[in-house]
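This report examines how selected elements of one protein chain pack against one another. Please consult the sequence and the structure below while reading.

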Amino acid sequence: MQVRYQLRHSPLLVPGGTRRYYAKTSPLGKSASHPARDHRQPGLGLFPWVEWLDMVSRRFRTTTHPTAPAKIGTPVTAADMEALLAQPGPITLTTVGVDWVSNLSGLLNLKHPVAVAAGLKNRKEPIKVYLYLVRHPERGLFLVDTGVSERFAREPASVGVGWALRAAANVAAMRPEPSTAQVLSTAAEPLQGVFLTHLHFDHISGLPDIPVNVPLYTGPGEAGTSVTLNLLAQGTTNRLLRGRPPLQELQIPSNPEGALDGVLDVFDDGSFFAILNPGHTAGHLAFVIRSTYGPILLTGDTSHLRWGWDNEVEPGSFLSNRDKARRSLLALKALAGRHPNMQVRLGHQP
Ligand SMILES: [Zn+2]
């Protein structure tokens with residue numbers, strides 16, 4: 001390892017010091033008065049702090065907010081779920097999207113051969129931030145993701161959005177029209193819970209408008225997703241979750257060899273399914289809803305954009321594991337392909 005190499009050859013640890021050691025062993029035969037660099041080693045550890053910082057940052061969890069196993073739902077097979085999809089279900093779904101802008105290079109893998117062939121280049125891409133109102137006749141009103149609260153977009157510091165994230169993620173471009181509070185005020189019934197596709201800030205940006213006692217559900221291991229970006233985002237995520245009960249992690253056994261990685265019948269009545277769909281984040285979820293007018297797939301950020309979905313190109317820099325992200329995208333495409341009556345709603349575009 002680079003850092004150890006540097007220490008071993010430190011003048012403090014090698015009798016005679018670095019200069020004499022290199023003079024004796026250099027394949028370049030330099031004299032002691034011109035100490036040679038050993039070019040067989042990968043670099044000289046000039047910036048060990050960069051390695052250290054990278055190591056630490058990769059261990060940064062998405063949030064240090066407590067988690068607990070959720071006590072709802074029953075694991076089922078993909079086949080169990082799919083056998084039901086020809087029949088309408090009991091749920092009504094309302095989709096609300098507000099405007100935002102982000103970098104195409106984050107939303108879409110521009111190095112994918114299909115994107116290269118299409119000549120796509122990085123640019124500012126107009127996108128939406130969604131929330132979905134899920135109404136179940138007996139269970140009541142739930143959300144999938146949270147939209148954007150007025151305060152998050154207009155006064156981000158007041159709800160704990162850190163300056164670095166504000167600067168890096170173009171929070172000021174979010175247009176909370178309607179805001180999550182406005183959507184909930186027209187719903188006219190209490191919220192029973194929020195299912196989060198994942199914990200990225202643009203999916204919890206409506207939390208300031210959601211009562212603090214409402215249960216929040218995530219995929220298994222979602223809170224522990226570790227990426228460098230969390231250096232900027234973890235503090236914000238923690239502050240948005242502060243004062244709330246532990247995140248409820250849905251218990252979905254993983255079967256990477258299956259048609260879908262894992263499926264949970266959330267309400268135990270075959271109406272609403274959480275699909276384990278890792279890659280964008282470790283515990284990313286998609287959802288399949290049996291609505292009164294047929295099945296609906298919410299892909300979450302497994303596919304941000306319409307172009308990515310149509311061309312089977314996974315997200316760009318906004319993901320934690322590219323191989324898994326690609327596999328998850330193809331699994332959802334195959335699912336939709338098996339059910340032509342299924343509506344597909346993407347993470348950030350119609
Ligand atoms: Zn997103």
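The following paragraphs treat the nonpolar core, a set of paired strands, a helix and a loop residue. The model is predicted.

**The nonpolar core**

The largest nonpolar core comprises 78 residues. Val134, Phe273, Ala274, Ile275 and Phe287 have the most contacts inside it. Strand β4, spanning residues 124-136, contributes the most to this core, with 6 residues. Ala274 illustrates the packing: leaving aside neighbours within four places in sequence, Ala274 is in contact with Gly73, Phe195, Leu250, Ile252, Leu264, Val266, Leu285 and Phe287.

**Strand β11 and its partners**

Strand β11 is mostly covered, since 6 of its 7 residues are buried. The strand pairs with β10 (residues 272-276) and with β12, as the table sets out.

| Strand pair | Sense | Bridges | Residues standing opposite |
|---|---|---|---|
| β10 and β11 | antiparallel | 5 bridges | Ile275 and Ala286 |
| β11 and β12 | antiparallel | 5 bridges | Phe287 and Leu298 |

The connection from β11 to β12 is a hairpin through 2 residues. Both Ile275 and Phe287, listed in the table, belong to the group with the most contacts inside the largest core.

**Helix α12**

Helix α12 consists of 17 residues, 322-338. At 1.5 Å a residue the helix should span 24 Å, and its end C-alpha atoms are indeed 24 Å apart, so expectation and model agree.

Which residues of α12 are buried? They are Lys324, Ala325, Ser328, Leu329, Ala331, Leu332 and Leu335. Viewed down the axis of α12, the buried residues fall within an arc of 160° and therefore line one face of the helix. An α-helix has 3.6 residues a turn, so residues three or four places apart point the same way. On the other side of α12, Asp323, Ala334, Gly337 and Arg338 are exposed. The cover over the buried residues of α12 includes β11 (285-291) and β12 (294-298); these two strands are the pair joined by the hairpin described above.

**Leu84 and the loop after α4**

Leu84 lies in the loop between α4 (78-82) and β3 (92-103). Is Leu84 buried or exposed? Leu84 is partly exposed, because 16 other C-beta atoms lie within 10 Å, whereas a buried residue would need 20 or more. Not counting residues up to four places away in sequence, Leu84 touches Gly270 and Arg290. Leu84 and Arg290 are 206 residues apart along the chain, yet their C-alpha atoms are separated by 8.4 Å.

Conventions:
Residues are numbered from 1 along each chain as its sequence is written. This is a predicted model: local features need pLDDT of at least 70, side-chain atom pairs count only at pLDDT 80 or more; totals for chains, interfaces and linings use all residues. A nonpolar core is a set of buried Ala, Val, Leu, Ile, Met, Phe, Trp, Tyr and Cys residues joined through C-beta atoms within 7 Å. A residue is buried if 20 or more other C-beta atoms lie within 10 Å of its own, exposed if 12 or fewer, and partly exposed in between; C-beta atoms are placed from the backbone. Helices (H or I, at least four residues) and strands (E, at least two) are DSSP runs, numbered from the N terminus. Two residues are in contact if their C-beta atoms, placed from the backbone, lie within 7 Å. The expected span of a helix is 1.5 Å times one less than its number of residues. The arc is that of the directions from the helix axis to the C-beta atoms. Two strands pair if DSSP finds at least two bridges between them.
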